[in-house]
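Morning, everyone. I have one structure to walk you through today. Please have a look at it first.

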Amino acid sequence: MNPSKTIQAIIFDLDGVLTDTALYHFRAWKALADKLGVSFTEQDNEQLKGVDRLNSLRWIAEKGGLVLSADEEDRLMAQKNAHYLQLIQHMNQADLYPGVQPLFAAIKAKGWKIGLASASKNAAFVVDRLGVAADFDFVADANQVKNSKPDPEVFLLAAAGLEVAPGHCIGVEDAVAGIEAICAAGMRPVGIGEPALLAQASLVVPHIASLSIAQLQALA
Ligand code: BG6
Ligand code: MG
């Protein structure tokens, strides 16, 4: 076996990979866009998956030809986040996608580490609600980085926290920006969703429940 290709860690995105929060982010952005008079579709939302709060707002404003002051940006981001938190207020362990627990158990049985690389500032709250906080060897989120996906910073921070070189990591993402970030980090990318959208990924599966340890091992 070529030791440079062994797998030592799997780094997961959160929203849309481990739970269905991608839908709630979409609903909250859509409500805000409607208020601002900007049309915002599910197709538009594909561009914003994995993108942090400020850059998402700026994308919507730009689409509507709006120029926002820093104060307006802060107010609108606070509105969107309050709505999002309201949408996920009852989230609990039942909201963890099927297949996550057995996959985590299989990863641990291999002796691989488990990391999180999320563009969300709410990641710690969501992971705690899902009951999986203790499963992660390291959690990297938007509170700790300057650059949003597709920049590789959050994946590189997760790898550093896990003490695993990026070349020994696999990243798992549902977002176009996330797959780009994984590639830019020098990790092997696995997509969750549509193969046509996530064309840069080495492997794409429709849901995390269909991702097997054998498929991850085969990426080595
Ligand atoms: C990403 C989501 O994980 O986090 C985006 O894919 C979301 O849709 C972004 O906008 C920022 O999340 P938050 O919770 O910090 O507003
Ligand atoms: Mg995501």
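**Around the ligand**

Thirteen is the number to start with: 13 residues surround ligand 1, and those that come nearest are Asp15, Arg53, Ser120, Lys121 and Asn122. Keep in mind that this is a predicted model.

Let's go through some polar contacts. Start with Ser120. A polar atom in the side chain of Ser120 sits 2.6 Å from an oxygen atom of ligand 1. Next, Arg53. An N or O atom of the Arg53 side chain is 2.7 Å from an oxygen atom of the ligand. Then Gly50. Here the backbone takes part: an N or O atom of the Gly50 backbone is 2.8 Å from an oxygen atom of ligand 1.

How much of ligand 1 does the protein bury? On its own, ligand 1 exposes 390 Å², and 98% of that is buried by the protein. As for the site, ligand 1 takes up the space of the largest pocket.

What kinds of residues make up the shell? Five are charged, five are polar and three are nonpolar. Two helices deserve a mention. Helix H1, residues 21–36, gives at least two residues to the shell around ligand 1, and so does helix H3, residues 53–63.

Now the wider view. Why does ligand 1 lie between two domains? Because domain 1 and domain 2 both give residues to the shell around it. Domain 1 covers 3–19 + 93–218, and domain 2 covers 22–88.

**Two backbone details**

Let's leave the ligand. Look at the peptide bond from Lys149 to Pro150. That bond is cis, with omega near 20 degrees. Where is Pro150? In the loop between strand S3, residues 138–140, and helix H7, residues 153–162.

Now go to Glu163. This residue is not a glycine, yet its phi is positive, at about 60 degrees. Glu163 is also in a loop, the one between H7 and strand S4, residues 169–173.

To recap: ligand 1 lies between domain 1 and domain 2, and the protein buries 98% of the area that the ligand exposes alone. Thank you.

Technical notes. Residues are numbered from 1 along each chain as its sequence is written. Chains are lettered from A and ligands numbered from 1 in the order in which they are written. This is a predicted model: local features need pLDDT of at least 70, side-chain atom pairs count only at pLDDT 80 or more; totals for chains, interfaces and linings use all residues. Side-chain values use heavy atoms; hydrogens and water are left out. A residue is near a molecule or strand if one of its heavy atoms lies within 4 Å of it. A polar contact is a pair of N or O atoms within 3.5 Å; within protein, one must be able to donate a hydrogen and the other to accept it, and residues adjacent in sequence count only if both atoms are side-chain atoms. Accessible areas come from the Shrake-Rupley method with a 1.4 Å probe; for residues, only the protein chains shown count as cover. On a 1 Å grid over the protein atoms alone, a cavity is a set of points where a 1.4 Å probe fits but cannot get out, and a pocket is an open set with protein on both sides within 12 Å along at least five of seven lines; lining residues have an atom within 4 Å of a point. A molecule sits in a cavity or pocket if more than half of its atoms lie within 2 Å of its grid points. Helices (H or I, at least four residues) and strands (E, at least two) are DSSP runs, numbered from the N terminus. Ala, Val, Leu, Ile, Met, Phe, Trp, Tyr, Cys and Pro count as nonpolar, Asp, Glu, Lys and Arg as charged, and the others, Gly among them, as polar. Domain bounds come from an automatic or database domain assignment.
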